[in-house]
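Take a walk through this model, from its charged pairs to its nonpolar surface. Start with the view below.

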Amino acid sequence: MFNEPGKKLKALAKVFFVLSILVGIIATLIVYAAVQNGAVFLLIPVSIVGSWLSTIALYAFGELCDNTAEIRRSLNK
C-alpha cells in the first residue's frame, strides 16, 4: 500500500484532472440549459485550466517523491 507513493500520487493527479474536466463540461452543459447563452461555453477552457492548476501541485509532489527515492537508491549502491 505504501510502496512507491510517488507513482500513485502522479496517477491520482491524472485521474483527478480528467474527472474535474468532465465535471466542468457537465456543469457547463447544465448552466447552458438554464441560461441558453453561447458565452457559457467559455467555461470549458476555464475549467481545463482550473483543473490543471489544481492538480499540478499533487503531480509535482509525486515527482518529488519519485526523485527522492531514486536519489536514495543511487546513494545506497
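Is lysine 7 buried or partly exposed? Lysine 7 is partly exposed, with a relative accessible area of 48%. Keep in mind that the model is predicted. The side chain of lysine 7 meets that of glutamate 4 in a salt bridge, 3.3 Å from N to O. Glutamate 4 has 49% relative accessibility, so it counts as partly exposed.

The structure holds three salt bridges. Side chains of opposite charge can pair when their charged atoms come close. Now turn to lysine 10. Its side chain meets glutamate 63 in a salt bridge of 3.0 Å, N to O. This pair links distant parts of the chain: lysine 10 is in helix H1, glutamate 63 in helix H2, and their positions lie 53 residues apart in sequence. Lysine 10 also forms a salt bridge with aspartate 66, with the closest N and O atoms 2.9 Å apart. Aspartate 66 lies in helix H2 and lysine 10 in helix H1, so this pair ties together parts 56 residues apart in sequence. Lys10, Glu63 and Asp66 are thus linked in a network of salt bridges.

How is the network covered? Lysine 10 and aspartate 66 are both buried. Lysine 10 has a relative accessibility of 15%, and buried means under 20%. Glutamate 63, at 31%, counts as partly exposed.

Next, the nonpolar side chains. Leu12, Val15, Phe16, Val18, Leu19 and Leu22 make a nonpolar surface patch of about 510 Å². Leucine 12 sits in helix H1, residues 5-35, and is partly exposed at 36% relative accessibility. Leucine 53 belongs to helix H2, residues 43-75. Leucine 53 is exposed, at 51%. From leucine 53 to phenylalanine 17 is 9.3 Å, C-alpha to C-alpha, although they are 36 residues apart in sequence.

Key:
Residues are numbered from 1 along each chain as its sequence is written. This is a predicted model: local features need pLDDT of at least 70, side-chain atom pairs count only at pLDDT 80 or more; totals for chains, interfaces and linings use all residues. Side-chain values use heavy atoms; hydrogens and water are left out. Patches are made of residues with over 30% relative accessible area and no salt bridge: like charges are joined within 9 Å, nonpolar side chains (Val, Leu, Ile, Met, Phe, Trp, Tyr) within 5 Å. Accessible areas come from the Shrake-Rupley method with a 1.4 Å probe; for residues, only the protein chains shown count as cover. A salt bridge is a side-chain nitrogen of Lys or Arg within 4 Å of a carboxyl oxygen of Asp or Glu. Helices (H or I, at least four residues) and strands (E, at least two) are DSSP runs, numbered from the N terminus. Buried means under 20% relative accessible area, exposed over 50%, partly exposed in between (1.4 Å probe, protein chains only).
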